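Here are some short exercises, each with a worked solution. Try each task on the structure before reading on.

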Amino acid sequence: MRRNLIIFIKNPELGKVKTRLAKNIGDKQALEVYINLLEKTRAEVINVEAERYLFYSKKITEDEWDIIFFNKRVQKGESLGDKMKNAFSQVFKENGQKTIIIGSDCYDLDAAIIKQAYTLLDKNDIVLGPANDGGYYLLGMKTFVPSLFENISWSTSSVLHKTLSKAIELKLSYALTKELIDIDNIDDLE
């Protein structure tokens, strides 16, 4: 079965990334933190055997994400849910099966966790990586389930709970990876 990995990133621009964290440490340091998160994410995903799709928030740029290893795309949609749904739809149409999406906000997300998520998809319809803020840092599916992205208040503490409720309602089997810290504020950073 084919494996696909979608990586969502924001274009690293001063004042546009880690804005909640920037309130405590300033825009320049917040950008440095985000660039470090991007570098760590890139180093980990390069060790995952999958077709890799890098979705930028605004535009495709020439950067350290080499096109030899990453299919570069741009996120499309209004909400985060729309953007993820569109990315999954696009990748499933091209390659089908076993697709995982991750962001770049969890420093502790490593290749081993992503590989574990693919293994969990062998026996489950979906897999989620819970984040400490009530959201998730990873979502994987064997088949595309668009309704998992609908009617959710994104960037709130109820995202994971609401997604799991939908999975149960749809009679989807699911598994969870370990909870990680999503770096949003100064407490998460420390």
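Contact here means heavy atoms within 4.5 Å. The model is predicted.

**Exercise 1. Find which residues Gly-81 is in contact with, leaving aside its neighbours within four places in sequence.**

Solution.
- Step 1: place the residue. Gly-81 sits in helix H3, which spans residues 80-95.
- Step 2: check its exposure. Buried means under 20% relative accessible area. Gly-81 has a value of 0%, so it is buried.
- Step 3: list the partners. With sequence neighbours within four places set aside, Gly-81 touches Phe-149 and Trp-154.
- Step 4: compare sequence with space. Gly-81 and Ile-9 lie 72 residues apart along the chain. From C-alpha to C-alpha, Gly-81 and Ile-9 are 14 Å apart.

**Exercise 2. Work out the order of the seven strands in the open sheet, and name its edges.**

Solution.
- Step 1: read across the sheet. The order is E3-E2-E1-E4-E6-E5-E7, with mixed pairing.
- Step 2: pick the edges. Strand E3 (71-74) and strand E7 (174-176) each pair on one side only.
- Step 3: look at the turn between neighbours. Neighbouring strands are turned by 20° against each other on average, direction ignored.
- Step 4: take one pair. Strand E1 (residues 4-9) runs parallel to strand E2 (residues 51-56), and six bridges join them. Within this pair, Ile-7 of the chain faces Leu-54 in E2.
- Step 5: recall the general rule. Strands of a sheet pair through backbone hydrogen bonds, either parallel or antiparallel.

**Exercise 3. Determine which strands helix H3 and helix H5 lie across.**

Solution.
- Step 1: start with H3. Helix H3 lies across E1, E2, E3, strand E4 (99-102) and strand E6 (136-141). Its angle to E1 is about 150°.
- Step 2: turn to H5. Helix H5 (residues 159-169) lies across strand E5 (126-130), E6 and E7. Its angle to E5 is about 165°.
- Step 3: look for overlap. E6 appears in the list for H3 and in the list for H5.

**Exercise 4. Count the salt bridges, then explain what the pair Arg-20 and Asp-184 ties together.**

Solution.
- Step 1: count. The model has 11 salt bridges.
- Step 2: check the distance. The cut-off is 4 Å. The closest N and O atoms of Arg-20 and Asp-184 are 3.5 Å apart.
- Step 3: locate both ends. Arg-20 is in helix H1 (residues 19-25), and Asp-184 is in the loop between E7 and helix H6 (186-189), so the bridge ties together parts 164 residues apart in sequence.
- Step 4: compare exposure. Arg-20 is partly exposed at 47%. Asp-184 counts as buried at 10%.
- Step 5: widen the view. Lys-18, Arg-20, Asp-105 and Asp-184 form a network of salt bridges.

**Exercise 5. Contrast the salt bridge of Lys-40 and Glu-44 with that of Arg-73 and Glu-94.**

Solution.
- Step 1: take Lys-40 and Glu-44. Their N to O distance is 3.3 Å. Both residues are in helix H2 (residues 27-45), four residues apart, which means about one helical turn separates them. Both are buried.
- Step 2: take Arg-73 and Glu-94. Their closest N and O atoms are 3.0 Å apart. This pair links distant parts of the chain: Arg-73 is in strand E3 and Glu-94 in helix H3, 21 residues apart.
- Step 3: finish with exposure. Arg-73 is buried at 18%, whereas Glu-94 is partly exposed at 41%.

How values were computed. Residues are numbered from 1 along each chain as its sequence is written. This is a predicted model: local features need pLDDT of at least 70, side-chain atom pairs count only at pLDDT 80 or more; totals for chains, interfaces and linings use all residues. Side-chain values use heavy atoms; hydrogens and water are left out. Two strands pair if DSSP finds at least two bridges between them. Helices (H or I, at least four residues) and strands (E, at least two) are DSSP runs, numbered from the N terminus. Axes are lines fitted to C-alpha atoms, for helices over the stretch in contact, and angles run from 0 to 180 degrees between N-to-C directions. Buried means under 20% relative accessible area, exposed over 50%, partly exposed in between (1.4 Å probe, protein chains only). A salt bridge is a side-chain nitrogen of Lys or Arg within 4 Å of a carboxyl oxygen of Asp or Glu.
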